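User: Please work through this structure with me in a series of questions. I would like each answer to show its reasoning.

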Amino acid sequence: MTVTAFAAETEERFALARQVADAVLFEGYVLYPYRASAAKNRLRWQFGVLVPPAWGAECEEHDFQHTECLMEPRTGATLSVEVRFLHARRRTVQRVRPDGGFDTVAELDLDDRVLVPWDEGIEERVEVIAPVDELLGDGVTHAFRLPAREDTAPVLDAAGRTVGRLLRRREEISGTVRLSARELDGPYRTLRLTAVVENTSDWTPPEGHGADREAALPHSLVATHLLMALSAGSFLSMTDPPEWAKGAVAACRNLHTWPVLAGEPGRADLVLSSPIILEDHPAIAPESPGALYDATEIDEILALRTAALTDEEKREARGTDERAAAVIELADSMPAEVLERLHGAVRSLREVTRPGPAAPTDGFPDEYGVGRPDTPWWDPASDAGFDPAQDRVVVDGRPVGRGSRVELHPGLRRTDAQDIFLRGRTATVEAVLHDVDGGVHLAVTVEGDPGADIRREQGRFLYFQPDEVTPLEGGV
């Protein structure tokens, strides 16, 4: 076994996969409203936390991940493995004293931010490269150790004067990566690859603090996941394996993690084993403006809510973490066109539709740049024959138009749950509309609706067909 930097080609493949793996690494890192004081951010690090063995045994958290998947390596292939995780770095805030010393404080209030104690996540990587043939039998084991570190950074005010410092400390972390493989029976050379990542720290809880998760986290591997790549050969999909391999895939054991194909679409030579269950070849939506970290939230809603935070909330968020500060900056500076594209996309249509007819070369483009044919698909001249405010339609032998009072009887067809709620309610007709297919629609406002004036002002009505209303006495 050798441990060294990856070859350029391998590094390039990993770099592509890391675009998705970064989402695993930082998922839920800091939650909206991105302030350390928010209740949501007081219990952190939820995914892939490998705790010290002495602590996890009591508290039902795990000190290892166990990945198994199938691969078909070619002769002479090597396996490159990258273990990624966050190392919690505990940050303490200190204020400078007149004598030049420092006092630890609960917060340090600056013009643009409020600095508070916080656990920062530092990305760590452990790389292992091994020929596949060496994985057979007992396999290979790679132990790693990250020593404790402590450093300080001065805090300056707007005038450049030192007003405090940040004291940061990382605790020692040690772990082991164990890789092994076993050939399976069958017509093809297929191997079951086993990759185990363990936290082997000898840290023990302080006396009387056996259940203190906060004390254990600096000694834990957080958001742990694996990237594994073959130099020659391929992995089999664990969610959609070929028929002949389904039994072997079902026999694989995956504990606290799940492997999927990753990297360049269409290739199967790289696997991401993640504590968050993903599909094969997961990808970041191209509409995403950047990392927002808050698990399961929708980018559009999150961006709008973040931009609506008060100035004081944004000051605290900026002082909480550099990544939180970046989210505030992203939300505040997001162009309208970027925000608009978060409204949604229908990707499936791109897959099932075929190229349509060639766009007309004549005509003028509309505001979206789409060519507008000289001949519209309806006769514009026919619009002149209709007037929604004056038109009438005969219902039960009586003319019904703007100002008429009607009782609503939504039919079974075209009816949804909200229509049913209005059955039997009285309404005022606001307009009579004709569509290009010859259908007639009555725009109405429901009597007693406190928002009726707003609907009239905005032209947003409820619509029923003539056979869904009964004319009433009164009205115009």
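The exchange below concerns a predicted model.

User: How many helices and strands does the chain have, and what percentage of its residues is buried?
Analyst: The predicted chain contains twelve helices and 24 strands. Its exposed surface is about 25,600 Å², of which carbon and sulfur atoms supply 52%. Of the 476 residues, the buried share is 42%.

User: What share of the contacts with a separation of 6 or more joins residues 24 or more positions apart?
Analyst: One pair that illustrates such a separation is Ala317 and Tyr34, which lie 283 residues apart in sequence. For the chain, pairs 24 or more positions apart make up, among contacts with a separation of 6 or more, a share of 70%.

User: Are helices α7 and α8 parallel, perpendicular or oblique to each other?
Analyst: Helix α7 spans residues 311-320 and helix α8 spans residues 322-333, and their axes come within 6 Å. The crossing angle is roughly 135 degrees. An angle counts as roughly antiparallel over 145 degrees and as roughly perpendicular from 65 to 115. The relation of α7 to α8 is therefore oblique.

User: Which residues of α7 and α8 meet, and how many of them are nonpolar, polar and charged?
Analyst: From α7, the participants are Lys314, Ala317 and Arg318. They meet Ala324, Ala325, Ile328 and Asp332 of α8. By class, the contact of α7 with α8 comprises three charged residues, no polar ones and four nonpolar ones.

User: Is Ala317 buried or exposed?
Analyst: Ala317 belongs to helix α7. The residues it touches, apart from those up to four places away in sequence, are Pro33, Tyr34, Arg35, Ala324, Ala325 and Ile328. A residue counts as buried under 20% relative accessible area. The value for Ala317 is 0%, so Ala317 is buried.

User: How far apart in space are Ala317 and Tyr34, C-alpha to C-alpha?
Analyst: Tyr34 is found in the loop between α1 and α2, whereas Ala317 is in α7. Tyr34 is buried, with a relative accessible area of 0%, and Ala317 touches Tyr34. Their C-alpha to C-alpha distance is 5.2 Å.

User: Is the peptide bond from Tyr32 to Pro33 cis or trans?
Analyst: Pro33 lies in the loop between α1 (8-26) and α2 (53-59). Omega for the bond from Tyr32 to Pro33 is near 10 degrees, and the bond is cis.

User: Tyr34 and Asp396 have positive phi values in residues other than glycine; is Asp396 buried or exposed?
Analyst: Phi is near 65 degrees for Tyr34 and near 50 degrees for Asp396. Asp396 lies in the loop between β18 (392-395) and β19 (398-401). Exposed means over 50% relative accessible area. Asp396 has 60%, so Asp396 is exposed.

User: What arc do the buried residues of α6 cover around the axis?
Analyst: In α6 (residues 299-307), the buried residues are Glu300, Leu302, Ala303 and Thr306. They lie on the same side of α6, because the arc they cover around the axis is only 165 degrees.

User: Which helices are included in what covers the buried residues of α6?
Analyst: On the α7 side of this packing, the buried residues are Lys314, Arg315, Glu316, Ala317, Gly319 and Thr320. They pack against β2 (78-96), β4 (108-109), β5 (114-115), β6 (118-131), α6 and α8. The cover over the buried residues of α6 includes α7, α8 and α9 (336-341).

Definitions and conventions. Residues are numbered from 1 along each chain as its sequence is written. This is a predicted model: local features need pLDDT of at least 70, side-chain atom pairs count only at pLDDT 80 or more; totals for chains, interfaces and linings use all residues. Side-chain values use heavy atoms; hydrogens and water are left out. Axes are lines fitted to C-alpha atoms, for helices over the stretch in contact, and angles run from 0 to 180 degrees between N-to-C directions. Helices (H or I, at least four residues) and strands (E, at least two) are DSSP runs, numbered from the N terminus. Angles under 35 degrees count as roughly parallel, over 145 as roughly antiparallel, 65 to 115 as roughly perpendicular and the rest as oblique. Contact means heavy atoms within 4.5 Å. Ala, Val, Leu, Ile, Met, Phe, Trp, Tyr, Cys and Pro count as nonpolar, Asp, Glu, Lys and Arg as charged, and the others, Gly among them, as polar. Buried means under 20% relative accessible area, exposed over 50%, partly exposed in between (1.4 Å probe, protein chains only). Accessible areas come from the Shrake-Rupley method with a 1.4 Å probe; for residues, only the protein chains shown count as cover. The arc is that of the directions from the helix axis to the C-beta atoms.
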